[in-house]
Amino acid sequence: MKTAKPVLITALIAAALLSGCKEDDAQQVTIEFMHSSVEQERQAVIGKLIERFSQENPQIIVKQVPVEEDAYNTKVITLARSGALPEVIEVSHDYAKVMDKEQLIDRDAVKTVIATVGENSFFDGVLRVVRTEDGSAYTGAPISAWLGGVWYRKSALEKAGLGEPKDWSELLNAARIMTDSAKKKYGIALPTAESVMTEQTFSQFALSNGGNVFNAAGEVTVNSPEMLASLNYYRELAQYTMPGSNDVMEIKDAFMNGTAPMAVYSTYILPAFYKDGSPQDLGFVVPTEKSPAVYGMITSLTITAGQTKAETAAAEKFVTFLEQAQNSADWVLMSPGAALPVTKAVTETASYQDNPVIKAFGALPAELIAQFPNVQVFGSVGDKNFTRMGDITGSAVLSEMVNQVTVGKQATAPALERSQQRIVELMKQH
């Protein structure tokens, strides 16, 4: 029987050639797409995108796997261990670093997609954030982004006789002038809790002053003069925020209800401000000392390693399809204003330009997009994105440090030194 096998295979190939079709083409491939859009209306949008894709590619079946954001990391680890990772996964650039470090990303497949879409299709600064540590590949194909910075009510600053705060000293001065703690009015809503938001916010100030977690050689540089000056400044600014540990909800509420006329928050403030009916009153400024530093979170679609050739090819097709202008616009407009387009083509679609939220904010969405080249993140030095940064964020060392010196009123220099040592120790384990 063994000798008959090659003959049988040859006969099958001959039959396939004679019939004028490749066997693979006739076979259906099923791939899974894991994303964090658990809301019904968002799943409906993604469902329509999948439907559109299936009409063009009837041989590919795409199944949605919606997962709550809080359960995302655990789910990826569990699925990876059981060899059942979905072929396509929506990831933040932070989490993509962790996946890349664990070799869960098919770098070649991602590279193929980006080459097909075209590197020049993306706004300047976007691809830099999703580069692999060695700079040779990407951790995912960017689909949307959100930015963080200082938001302010133009009317409140005007009333106080203040202009837009352009740098650290002007921001501090504005926060001080607009604080009246006896009346429970605070100049700025600033994160101080032991949370990711606090690390992200502190990173903007530190990076704008030339402070970073690593240097280009990958050495830990938390305890540096630049970081010390940034931590001292952050503590001073925190005098003019609400007492206690402030996180996402406290910041948003204080800004929306008028307790604080300035806040450090993400572009996710835009939909709330739109509902509030005063979009033209919203201003945005970037923390700037030595250079402007915008915190940016890039959402990408990544393709996982360890899949069959047919599954990987199907995943490449699907991600490339989602990157097309109209499809990408539909994705971004699930959160109009909050999620920013990362390709120029999206901003040129009628659905983006005519969206009521985008229109209501006038020039602001374009101003935000123009900040992509100023995106700076901890653990990124030049073209190097150190994957170990994911472990540091996960350990909460930096947000604990900020909480200790703001809410806990601890001295800054010893807090920095402790954090330096903790991160050095952490790096030995990973």
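This passage walks through the empty spaces, one helix, the aromatic rings and two unusual loop residues of a predicted model.

A good place to start is the space inside the structure. Rolling a probe the size of a water molecule over the atoms shows where empty space is left. The structure holds three cavities of 30 Å³ or more, and the largest cavity encloses about 100 Å³. Its lining is made up of His-93, Asp-94, Val-196, Glu-199, Gln-200, Ser-203, Tyr-295, Val-377, Phe-378, Met-389 and Thr-393. Helices H5 (93–101), H10 (196–208) and H20 (389–395) each contribute at least two of these residues, with H10 giving the largest share, four residues. Sorted by class, the lining of the largest cavity has five nonpolar, four polar and two charged residues.

The largest pocket comes next, with a volume of about 1,500 Å³. Altogether, 44 residues line the largest pocket, and those nearest its centre are Glu-69, Ser-92, Trp-146, Gln-200 and Met-297. Gln-200 is thus found in the lining of the largest cavity and also in that of the largest pocket. Among the elements that each supply at least two residues to the pocket lining are helix H4 (72–81), strand S4 (141–153) and strand S7 (295–303), along with H5, H10 and H20. The lining of the largest pocket comprises 18 nonpolar, 17 polar and nine charged residues.

Aromatic rings offer another view of the fold. The structure holds 15 aromatic pairs, and one aromatic cluster is formed by Trp-168, Phe-202, Phe-205, Tyr-233, Tyr-234 and Phe-378. Phe-378 also appears in the lining of the largest cavity. Elsewhere, Arg-153 lies over the face of Phe-255, at 5.3 Å from the ring centre.

Helix H14 is worth following from end to end. H14 covers residues 309–322, 14 residues in number, and spans 20 Å between its first and last C-alpha, close to the 20 Å expected at 1.5 Å a residue. Its buried residues are Glu-311, Thr-312, Ala-314, Ala-315, Phe-318, Val-319, Thr-320, Phe-321 and Leu-322. In general, an α-helix has 3.6 residues a turn, so residues three or four places apart point the same way.

Finally, two loop residues catch the eye. Gln-103 is not a glycine, yet has a positive phi of about 60 degrees; Gln-103 sits in the loop between H5 and helix H6 (107–117). Because its relative accessibility is 67%, Gln-103 counts as exposed. Lys-184, also a residue other than glycine, has a positive phi near 55 degrees. Lys-184 belongs to the loop between helix H9 (168–177) and H10, and is exposed, with a relative accessible area of 61%.

Methods. Residues are numbered from 1 along each chain as its sequence is written. This is a predicted model: local features need pLDDT of at least 70, side-chain atom pairs count only at pLDDT 80 or more; totals for chains, interfaces and linings use all residues. Side-chain values use heavy atoms; hydrogens and water are left out. The expected span of a helix is 1.5 Å times one less than its number of residues. Buried means under 20% relative accessible area, exposed over 50%, partly exposed in between (1.4 Å probe, protein chains only). On a 1 Å grid over the protein atoms alone, a cavity is a set of points where a 1.4 Å probe fits but cannot get out, and a pocket is an open set with protein on both sides within 12 Å along at least five of seven lines; lining residues have an atom within 4 Å of a point. Grid points are joined across faces, edges and corners, and a volume is the space filled by probe spheres set on the points. Ala, Val, Leu, Ile, Met, Phe, Trp, Tyr, Cys and Pro count as nonpolar, Asp, Glu, Lys and Arg as charged, and the others, Gly among them, as polar. Rings of Phe, Tyr and Trp (its six-membered ring) pair if their centres lie within 6.5 Å; planes under 30 degrees apart count as stacked, over 60 as edge-to-face and the rest as tilted. A charge sits over a ring if NZ of Lys or CZ of Arg is within 6 Å of the ring centre and within 35 degrees of the ring normal.
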